[in-house]
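Dear colleague,

I am passing on to you the structure shown below, for use in your studies. The notes after it set out what was found, region by region.

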Amino acid sequence: MIQIESIQIEEFRGIRGLVLTMNRGSFVISGPNGSGKSGVVDAIQFALTGEVGRLKGAGTGDLTLAEHAPHVEKRSDPEASRVTLNAYIPHLKKTTSITRTVKKPKHPQITPDEPEIRAVFAEVAEHPETTLSRREIIKFILTEATQRSRDVQTLLKLDDIDQTRATLKTTENKLLNEQATAKALADTAEESLKRHLDLPVLKSDDLLSVINKRRKILGLDLISKLEKDTDVAEGLSQKGAKVEGGTTKESALADIKALSDAAARGIETTSQPAVKGILQNIAVLQADGDVLQLMRRAAFFQTGLDLVDGPRCPLCDVDWDMDKLRAHLKAKLEKSREARALRDRLFENAQTISAEIVRLRELIAPLVRLPEATKEASARLSEWSGDLAAFSESLKSLDGILAAQERFEYGWATAPGTLNEDIDSLRNAVTARPDKSATTEANSFLVLAQERLNNLRVARRDLEGKKANASRGKSAYRVYCEVSEGALIKLYHEVEEDFASYYRLINHDDEGEFKAKFEPADGKLALLVDFHKKGMFPPGAYHSEGHQDGMGVCLYLALMKRVLGSNFTFAVLDDVVMSVDAQHRKQFCKLLKTTFPDTQFIITTHDQVWARQLRTEGVVGAKSEVAFHTWTVETGPVLDEVAEVWEKIDADLAKNEVPAAAARLRRHLEFVASDLADELGAKVHYRADGSYDMGELLGAVIGRQGELLKLAMKAAKSWDDKEQIEKIDALQKARTQILADSNGEQWVINKAIHYNEWADLSKNDFRPVVTVFRKLIELFRCNKPKCDAWLSLTPRNDPVVLRCPCGTMHLNLKEK
Amino acid sequence: MASIQDEIFEEFCQRLEKTEQFSEARVKQVRQLFAGRTKPKPAELMKAFSEKDVQENVP
């Protein structure tokens, strides 16, 4: 991550030309609504991401970066609309700059152009949340649980977790389906062997008993133990009897009976619930064509989302706003979720039918091979089996399932119309088969037994493999769920702890025991907060708008701390505490300063009091601010840069531009007088519209300063604090000298030399005015360069000390 | 800084390695699949989870 050194904005949004120097520290931009503050926020965001949040998202359909980011006078010249941001990268200890033009927003010029610096900017671009507006903070607070879950997960970059979980679940399901098919094959193979052996249950001893009975007839060695590779027909070839294939009469009749029984029961009976399920789901799809389209394209959306890594669509090469494209694909994926659930149900039912087909084909197969089967009957059975195989294969695709609707409605098995006749004629033919000799019968029996035993062994091995695979799929899904849920619960707990502690710090006066609780469940993230120990409620239930704003910022900071950790080096807070009252904003300053001392906050506000608080509480230095007074189309923001005002006045005078210098001094004094009157508690006549005269304010400030220095001197003397006495004495002397230089306090507020008339002075007449005001103002400021803040009274209501944030200036006002 | 998703995935792999069902090689394969530019498809994961040369004792 980075910290901003300075930013140069040209012809961008409402700004014609502006340079702000931030020196890696927090910075405040104040000004009334419409004065151009948000233009700076947009410029920072644009420099870092190539995008402007305000020009995208809901309700911005007609707005585009290309057309609406340049200044209105430069709409046809996007090349002229540019932002350069000079930054420091703490972990690399390098300074760098990045320049973007609206013409080529996705092709920034980075200097020095080094891979590690590009990587840093790429990472920053992945975190647009470093810019926060009120609109965005409140979305975490006042939103329904499902949307909050998505927003928080997006902020925390957790979008992939659900996707990975879904992929692992699909994998598990598919592996379970494979296992089910293998199980059907193994069961069928076992049934086939049991039929041949005429055993109701397949047990080793029973099997050997049946086998050995035939082996004894053939004079073969008896088998004492059934091993995994035992050949029950072993030795037949040595006896010269091997190997007459085919079935024994009993076995053939058993096979015929098996198919006959199945046909009598109804071949499709066991699959009826699955067929019903398929038809119901197909009806849902027919009722809503969009569901089917989403179902077909779900994988496509995901692949597209994975491949979005540049400003162009990976498929059609059309230029896109990356975030818009991602959001577009995510919305489609979200909509396709229900469609995917429906698709899963379709495949699950289709799998049940496929397993039935496996069993059925295994019943058909032995009959096809019977020597008694006529050519025609054999062809009909083979064709039926082939058709079932093709049908089963078609059920592996969505289109195949949908195309089979009619077949499901009218009977998927489609047995030949002559099935019963074929079975009857086969049974009659086999029954009429002349009895073979006992040895021939035994020979055939053993050969077929070995064949079916082998089939069973292969099927069982396959089943074991498929079981192991499915078990892995199940474990992987379970482990991922456990790990991700554990991590998310821990994460949410950390965030809720931080969130609550930040909020308590801001609201220690009335909600010092505030608690918060996240409740994640089923893709939702409920947030409950304590309300004065009366219970846990949604944030919008009882808390005021100001408190909700405070919660929003606290939650944002807690989330950012978790997302970026020590990389949370900067954030832009765009008018985020507008509904928070002054006392709580002061506490918010403390939160920023004490909890995030290494984070650079760029803060905009329309509220001068909040800007002042940021300075007096030491969040920003006295020179880390700029006040926008007004804004015009021609000039952009008209500002008072506290940091460089004297240098700019000097520059104006050097060019003999007295009116410009006079206007600049006037604006600065208006700004300073208002600030100082507040800091020192100067007494002025209250005006409801807040339009105080600068001369009146400044006079009151100077008078108040004299009073406070007297109070401080009196206190120092009462404590016999010689060091303080000397210090205050020096201040008083300096003040007296400055006021004398300006012909006394009355000069400053003398209507005869009113500031409106400065513009008419000559350069030489005006320069002393500048000098005296500069010296006067310096009297109210800490002279330490790092502090450079106004002196202020603490506490405000019953002050006991006049001090600066760093403590260098610390004048006790209370006597012993 | 590793993302939360990366942390979850790393723990997921470590937990898989501790199970008897997942050999080191198989977990490595899973890691490779997720390291790709696009997320793995179920068919790819099925392949990674499938085992050959399964031995079994048939009675």
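Residues 53-59 of chain B call for caution, as pLDDT stays under 50 throughout that stretch. For these residues the model has 14 contacts beyond four places in sequence. Please keep in mind that the whole model is predicted. Chain B has a mean pLDDT of 79, and 80% of its residues reach 70 or more. For the complex, the predictor gives an ipTM of 0.91 and a pTM of 0.64.

I turn next to the place where the two chains meet. On one side, 39 residues of chain A take part, and they are in contact with 28 residues of chain B. Which elements of chain A give two or more residues to the side that touches chain B? They are α6 (159-197), α10 (289-307) and α16 (438-506) of chain A. The greatest contribution to this side comes from α16(A), with 19 residues. Sorted by class, the side of chain A that touches chain B has 14 nonpolar, 15 polar and ten charged residues.

One helix pair between the chains may be examined in detail. Helix α3 of chain B covers residues 42-49 and packs with α6(A) at an angle of about 60 degrees. The axes of α6(A) and α3(B) are 9 Å apart. Are these two helices roughly parallel or oblique to each other? Angles under 35 degrees count as roughly parallel, and those from 65 to 115 as roughly perpendicular; α6(A) and α3(B) are therefore oblique. The crossing in which α6(A) passes α3(B) is right-handed. From α6(A), the residues that meet α3(B) are Thr167(A), Thr170(A), Thr171(A), Lys174(A) and Leu175(A). Their counterparts in α3(B) are Pro42(B), Leu45(B), Met46(B) and Phe49(B). By class, this contact of α6(A) with α3(B) has five nonpolar, three polar and one charged residues.

Two sheets of chain A also deserve your attention. As general background, strands of a sheet pair through backbone hydrogen bonds, either parallel or antiparallel.

The sheet of five strands in chain A is open, with the order β2-β1-β4-β5-β6 and antiparallel pairing. At its edges lie β2 (15-21) and β6 (109-111) of chain A, each of which pairs on one side only. From one strand to the next, the twist averages 10 degrees. Within this sheet, strand β1 of chain A (residues 3-12) pairs with β2(A) in the antiparallel sense over six bridges. Ser6(A) has Thr21(A) in β2(A) as its bridge partner. Helix α1 of chain A (residues 37-49) packs on the sheet and touches β1, β2, β4 (82-89) and β5 (94-101) of chain A. The direction of α1(A) makes about 105 degrees with that of β1(A).

The sheet of three strands in chain A is likewise open. Its order is β15-β16-β17, with antiparallel pairing. Here the edge strands are β15 (792-794) and β17 (810-812) of chain A, each pairing on one side only. The twist in this sheet averages 25 degrees from one strand to the next. Three bridges join strand β16 (residues 801-803) of chain A to β17(A) in the antiparallel sense. Opposite Arg803(A) stands His810(A) in β17(A). Helix α23 of chain A (residues 694-718) packs on this sheet, touching β16 and β17 of chain A. Its direction makes about 70 degrees with that of β17(A).

Yours sincerely

Note on methods:
Residues are numbered from 1 along each chain as its sequence is written. Chains are lettered from A and ligands numbered from 1 in the order in which they are written. This is a predicted model: local features need pLDDT of at least 70, side-chain atom pairs count only at pLDDT 80 or more; totals for chains, interfaces and linings use all residues. Two strands pair if DSSP finds at least two bridges between them. Helices (H or I, at least four residues) and strands (E, at least two) are DSSP runs, numbered from the N terminus. Axes are lines fitted to C-alpha atoms, for helices over the stretch in contact, and angles run from 0 to 180 degrees between N-to-C directions. Two residues are in contact if their C-beta atoms, placed from the backbone, lie within 7 Å. Ala, Val, Leu, Ile, Met, Phe, Trp, Tyr, Cys and Pro count as nonpolar, Asp, Glu, Lys and Arg as charged, and the others, Gly among them, as polar. pLDDT is the predictor's confidence in each residue, from 0 to 100. Angles under 35 degrees count as roughly parallel, over 145 as roughly antiparallel, 65 to 115 as roughly perpendicular and the rest as oblique. A crossing is left-handed if the near helix is turned anticlockwise from the far one by less than a right angle, and right-handed if clockwise.
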